[in-house]
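Reader: Hey, I'd like to go through a structure with you. Can you put it up?

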Amino acid sequence: MVKNPIPLAQVKAPPTTSLNRSLTLPLLTLYGLGVTVGAGIYVLIGVTAAQAGPYAWIAFLLAASVVGFTAFSYAELATRYPVSAGESAYVDAGFGRANLATAIGILVAISGLVSASAITVGASGYLGSLTGVEPSALILGIVTTMGLLAWWGITQSVVVAGIVTVIEILGLFVVIGWSMAMTERLGVSPKDLIPPLWGSHWMGIISATVLAFFAFIGFEDMVNVAEEVEEPRRTLPKAIIYTLVIATILYLATCVAVTMAVPMEALAGSSAPLALVFADAPEAMQISFTAIAVVATVNGVLIQMIMVSRVIYGMADRGRLPAGFARLSVRTQTPSVATAFVAICILGLSLFLPIARLAEWTSQIVLSVFVCVNLALIAIKRRAEPADDHFSIPLLVPVCGAIISVILLVVSLF
C-alpha cells in the first residue's frame, strides 16, 4: 500500500525559478543520441565480440529490446511529470516517500558524475595518443571546457552537442562504408553471422547482452532537461523513441560491418575497435577518425554535465537539496552553482579512479534506478488516476521493465 502519495499538482507545479524552454524535437533527439552513441559503440564492440564472437550484433539487438521496456516507461512518466530531476519526481509520485525520492535523485546524479568521469578518462587517452600531453592536464582541460559550455546556455551547449553528435554519426557511416568497400575483408563471412538455434554460444551472447545494454544508457538523461523542452508532452516521447531506434540501427549496422572487416582475435582484444577498420587506410584517414572518436567521447562529458546539473537543480528547487544549488545565472539562465559543483566532482573522480571501476559503478547505479522507476509507474497506474494529457503504455510494459532490470542488475553483480 502506498502511503501518502504526492499529489499530482505538487509534482507538476512550476518551479520557483524558470529555465529557458528552447529545446525542439531535433535538438532533444540529438542530445539523446549524443550521450548514447558517444559513450557506447566507439568502445563496446570489442568487449561484446570477446563474449559473443561473430554474434555480437545479436547482443546489441537483445539489449535494445530490453532497454525498450524502460524507455517506454520513461516516455509516459516524462509526459506525466515534465520536470527536472525526473526520476526523483517519478518515485515521489509513485510511492510518496520523500527519502526514497531523494535517494533516487542522488543516485541519478552520481551515475552521471561517474559516467562522465569514465568518459573523460577515455577521452584523455585518445587525446594523449594524438598530442602526447599528460593525461592529468588533458582531464583538467576537458572538464573546464565542457563546464564552461554547460554554463554558457542550454541552447548553445545542446547545439554544440548536436553538431558533435552529427559528426559522431557520420564517423559511424564512414566505418560502415569503408568496411563494405574493402576488397579483402579479414573478419567473418555473412553466413557466420547467423548463430545455430542451440548451443553453448548462447551463454556468450547473453553475457554480451549485459555489456551491450550499457551502450544504450543515455535516453534517460533526456527527461532531466524536461523544463527546457518546448511542448514536453509532445516532444519527449518522440525524442526518446527516435533516440532508441536510431541508436539501434546504427549499432547493428556498425557491428555487422566491423565483425566482417576485422579479424575476431584483434577485435576482441582492442580498446579502440573501430580504429582497426582503418589499419590499412591512408594515415590522414586514420588520424581523422581518431579525432572523431575524441570528439565523440568529449561530447558525452558535456551532455552528462548538463543532465547532472539539472538533476541537482531540480531537487534543490523542490527542497530536496540545499537551496543554493537552485541558483540560476542571471546572464545565461543556467544552474551555475550546480554546474560548477558537477565539474569539480567529475574532475576529482577522473583524476583518482580507474576507468573500469567507473564504468562498472555507472551500470549498476543506472540499473537500480531503472528498477525503481518502473515500480513507480506500476504504482501510479494501479491507482487509476483520472486521465490526463500524457503518453500512455500498458501496465505490462513497466512490469517487464522492472523484472528485466532486476535480472540484469543481479547478473552485473556476479
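Author: Here it is, and we can take the overall picture before going to single residues. Keep in mind that this is a predicted model.

Reader: Noted. How many helices and strands are in the protein chain?

Author: The protein chain has 15 helices and zero strands. Of its 414 residues, 56% count as buried.

Reader: And what does the accessible surface of the protein chain come to?

Author: About 16,700 Å², with 69% of that belonging to carbon and sulfur atoms. As for contacts in the protein chain with a separation of 6 or more, 84% of them are between residues 24 or more positions apart.

Reader: Let's go inside. How many residues are in the largest nonpolar core?

Author: The largest nonpolar core has 129 residues. Leu28, Tyr42, Phe60, Tyr74 and Met305 have the most contacts inside it. Helix α12 gives the most to this core, with 18 residues.

Reader: What does Leu28 touch, leaving out residues up to four places away in sequence?

Author: Leu23, Met222, Val225, Val229, Thr235, Leu236 and Ala239.

Reader: Switching to rings. How many aromatic pairs are there?

Author: The count comes to nine aromatic pairs. One of them is Trp178 with Phe278, a tilted pair with 6.1 Å centre to centre and 40° between the planes.

Reader: Where do Trp178 and Phe278 lie?

Author: Trp178 lies in helix α8 (residues 154-181), while Phe278 is in the loop between α11 (264-268) and α12 (283-317), so the pair ties together parts that are 100 residues apart in sequence.

Reader: Are those two rings' residues buried or exposed?

Author: Trp178 is partly exposed, at 30% relative accessible area. Phe278 counts as buried, at 1%.

Reader: Which residues do ring pairs link into a cluster?

Author: Tyr74, Tyr81, Tyr90 and Phe370. Tyr90 is worth a stop: this residue lies in helix α5 (residues 86-95) and is buried at 0% relative accessibility.

Reader: What is Tyr90 in contact with, apart from neighbours within four places in sequence?

Author: Tyr74, Leu77, Ala78, Tyr81, Val223, Val373, Ala376 and Ile380. There's also a long jump in sequence here: Tyr90 and Cys372 are 282 residues apart in sequence, yet 9.0 Å apart in space, C-alpha to C-alpha.

Reader: What about Glu87, buried or exposed?

Author: Glu87, which is found in helix α5 as well, is buried, with a relative accessible area of 2%. Leaving aside neighbours within four places in sequence, Glu87 is in contact with Tyr74, Ile104, Val108, Glu220, Val223, Asn224, Val369 and Val373. The C-alpha atoms of Glu87 and Thr102 are separated by 9.5 Å, with their positions 15 residues apart along the chain.

Reader: I care about polar side chains in the interior. Which side chain does Asn374 join in a polar contact?

Author: The side chain of Thr70, at 3.1 Å. Asn374 lies in helix α14 (residues 355-382) and is buried at 0% relative accessible area. Not counting residues up to four places away in sequence, Asn374 also touches Phe69, Ser73, Pro398, Gly401, Ala402 and Ser405.

Reader: And what does the side chain of Ser350 reach?

Author: The backbone oxygen of Ile346, at 2.7 Å. Ser350 is found in helix α13 (residues 336-352) and counts as buried at 4% relative accessibility. With residues up to four places away in sequence left out, Ser350 touches Ser117, Thr120, Val121 and Ile139.

Reader: Quick geometry check on helix α9: how far apart are its end C-alpha atoms?

Author: They are 18 Å apart, which agrees with the 18 Å that the 13 residues of α9 (residues 201-213) should span at 1.5 Å a residue. The buried residues of α9 are His201, Gly204, Ile205, Ala208, Thr209, Val210, Ala212 and Phe213.

Reader: Last one, backbone angles. Which residue has a positive phi although it is not a glycine?

Author: Glu231, with a phi of about 45°. Most residues other than glycine have a negative phi, so a positive value is worth a look. Glu231 lies in the loop between α9 and α10 (232-261) and counts as exposed, at 53% relative accessibility.

Methods. Residues are numbered from 1 along each chain as its sequence is written. This is a predicted model: local features need pLDDT of at least 70, side-chain atom pairs count only at pLDDT 80 or more; totals for chains, interfaces and linings use all residues. Side-chain values use heavy atoms; hydrogens and water are left out. Rings of Phe, Tyr and Trp (its six-membered ring) pair if their centres lie within 6.5 Å; planes under 30 degrees apart count as stacked, over 60 as edge-to-face and the rest as tilted. Helices (H or I, at least four residues) and strands (E, at least two) are DSSP runs, numbered from the N terminus. Buried means under 20% relative accessible area, exposed over 50%, partly exposed in between (1.4 Å probe, protein chains only). The expected span of a helix is 1.5 Å times one less than its number of residues. A polar contact is a pair of N or O atoms within 3.5 Å; within protein, one must be able to donate a hydrogen and the other to accept it, and residues adjacent in sequence count only if both atoms are side-chain atoms. Contact means heavy atoms within 4.5 Å. A nonpolar core is a set of buried Ala, Val, Leu, Ile, Met, Phe, Trp, Tyr and Cys residues joined through side-chain atoms within 4.5 Å. Accessible areas come from the Shrake-Rupley method with a 1.4 Å probe; for residues, only the protein chains shown count as cover.
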